[in-house]
Amino acid sequence: MAPIRWAGNTVSSLNSTQGQGTNFLNDINTVALQASSFVVAPYVAQWNGSFNYNLGKSTYSSSTGQNVKGVSSGLSYSLGADVLPLSRYPLSVNFTQGSSETRAFDVGQETRFNNISLRQQYRPEEGRERYGASFNRNSFSTATGTSSTTSLLGDFSTGAEFDFDHLLEGRHALNANFGLTSSAADLSAENYRRLTGKVSHGWWVHEDLSINSALEYTRNQTTSAQGNASIENAANLLLGTTSFTWRPYEDQPLTLTGGGNLIHTQVTSNGAKSSLLNVVGNVTGTYRFNNNLSASGGASAGILGTSEGPRAFINSQSAAVSYTGDPLQLMGFNYGWGVGGGASRTASSAGQNSVGTSVSANHSLGRNFIFGESQAVNFSANQGLSRSTSEQGPTVTMSNSAAASWNSTLGAALRGNLSVTFSDSISNASTGDHHFQSANLTGGGAYQFTRHASMTASAGLNWSRSIASVSRVETINGVSFDNSAPTTMGTFTIGYTHRNLFSFPLLNYTGNLMYVNSFSNQRLEGSLAGALNSQQSVSMQHLLDYRLGKLAFSLRLTTIDQAGRKSASIFGSVSRDFDGIFDGRW
């Protein structure tokens, strides 16, 4: 008899939560087993199985006198086999069955489910072809009815190199798959069928030209009964895509990319039909004159509409140029700059035409300071200016940002970091002005007390404000708020970890404290000036775990105070791992 390798575990946990006049107690017990082996030899057949069981009890009570007791249980097992896994025709079979039951207020519901799946593959002795077929059936039943789903899938793939009088010269890859899924449900008196098929092709003509194409078809059909009538709904989707990348000249830095898309949908609902047809093609070229200067241009054209009409013909053209200056270094500072511009045009047979232009410029300054082997300070500043035009009018945007950071290692046990960032952006448009400002301060550190004990801490302060010339006042549920008011949020977190607590091996403790405070004078319109809308939360967690051989113990205590709503929970669990090899002898 072939040896059976088995493993498993059992876990018992208890969770109690109290807060805001409510009490919740949850008791969960689980058992899980897995086993695997082979028949005759590993290359002939391999099998595996599993068994899972869980039982949960919960109790809920509140100060209003509401009391709820619930019980839930679940049982499932599975068996799978791989026949001739190393051959050219491997077969995989899996079977799963299970049930679950829940009960509350003396009312219970039982659910049963099962699944069977098979997959057969075939790999010819010669060539790169791969064939596969899969069958899958799911069944789900309750006291009110049964629903089942059956799927049949097939797939094919190959890769080859052709040279038919240089017509299809190059490396090719072909993939195809199809599927048929049907379901029947007594629960909703609805039948569903789905048919899918997809073919994809990759063609690498040479190292400078590649073409990828795909064609996909999907049909969804639903039949439902309403009274004595039968209603059928169907949706068909045909999707085709192609794309290419081409460098036509080996000695020229010109790259062409493009492709096309075809989307055709047809929907039938209760006798009414509707359709959609979109065909779009595009090409873009990029030319890099040198490391600083590059230009690009593109064009696209398409037909948008329905199969029966009306349809609209749309075409667009665009061009852009950008220049990035060589970085300058002066007294340890690094200075960089760049400019760019572009134009675009879109025309439609429906009369929706537009022309747009854009220009931009940016520059940056940075400096790094290194103090010995343990101190580093970084500074950076950026500024950008852009102007764009469209049918709505011109838009001018000025953005500024600055950042500074400090990192330090103070000895072998202490590390620290501090950073600050500022940003300011102003946009002026014909539709209205917008001004956004933000500042962020963060810091953190870590200290290693001993080899087994360490502490980490971090803090952050964020301030932001968004001012718009329009829509400054927002009304929510009849109450008006001033959206231009600033918002500030502060956070603080500290953690402590101690392994081998009290010099007791494998006894570990972890504690975390988090404090969050956010406030803003996003006050109600007409209220006292400067009236703050603030909210704070404090959470603390203690975790104690211990492992004794294959026994594991865990205890977690959590307290939360969020805007005056307090709650506390305690969670404990005990688990036991099993494993071994059974060779037929007891």
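## Salt bridges, hairpins and odd phi values

Trainee: How many salt bridges does a search of the whole structure find?

Mentor: Keep in mind that we're looking at a predicted model. Searching the whole structure, the number of salt bridges comes to five.

Trainee: Let's take Asp577. Which side chain does Asp577 meet in a salt bridge?

Mentor: The N to O distance for this pair is 2.7 Å, and the partner of Asp577 is Arg547. The pair links distant parts of the chain, with Asp577 in strand S31 (residues 565–582) and Arg547 in strand S29 (residues 533–548), 30 residues apart. Asp577 has 26% relative accessibility, so it counts as partly exposed. Partly exposed too, at 36%, is the partner asked for, Arg547.

Trainee: And Glu110, what does its side chain meet in a salt bridge?

Mentor: Glu110 is partly exposed, with a relative accessible area of 37%. Its partner counts as partly exposed as well, at 47% relative accessibility. The N to O distance is 2.9 Å, and the partner is Arg112.

Trainee: What is the N to O distance between Arg103 and Glu101?

Mentor: Arg103 is partly exposed at 39%, and Glu101 is partly exposed at 32%. The cut-off for a salt bridge is within 4 Å. This pair meets in one, with an N to O distance of 3.8 Å.

Trainee: Now the strands. Which residue in S14 is the bridge partner of Gly259?

Mentor: Strand S13 (residues 254–269) pairs with strand S14 (residues 272–288) in the antiparallel sense, over 16 bridges. The two form a hairpin with two residues between them, and Asn270 in the turn has a positive phi of about 55°. Across that pairing, Gly259 is matched in S14 by Asn282.

Trainee: Which residue in S15 is the bridge partner of Tyr287?

Mentor: S14 also pairs with strand S15 (residues 293–305), antiparallel again, over twelve bridges. Four residues lie between S14 and S15 in their hairpin. The S15 bridge partner of Tyr287 is Ala295.

Trainee: Is Met331 buried or exposed?

Mentor: Most residues other than glycine have a negative phi. Met331 has a positive one, near 55°, and is found in the loop between strand S17 (328–330) and strand S18 (333–348). Exposed means over 50% relative accessible area. With 70%, Met331 is therefore exposed.

Trainee: What is the phi of Ser503, roughly?

Mentor: Ser503 is found in the loop between strand S27 (487–498) and strand S28 (507–520). Its relative accessible area is 69%, so Ser503 is exposed. Although Ser503 is not a glycine, its phi is positive, about 60°.

Definitions and conventions
Residues are numbered from 1 along each chain as its sequence is written. This is a predicted model: local features need pLDDT of at least 70, side-chain atom pairs count only at pLDDT 80 or more; totals for chains, interfaces and linings use all residues. Side-chain values use heavy atoms; hydrogens and water are left out. Two strands pair if DSSP finds at least two bridges between them. Buried means under 20% relative accessible area, exposed over 50%, partly exposed in between (1.4 Å probe, protein chains only).
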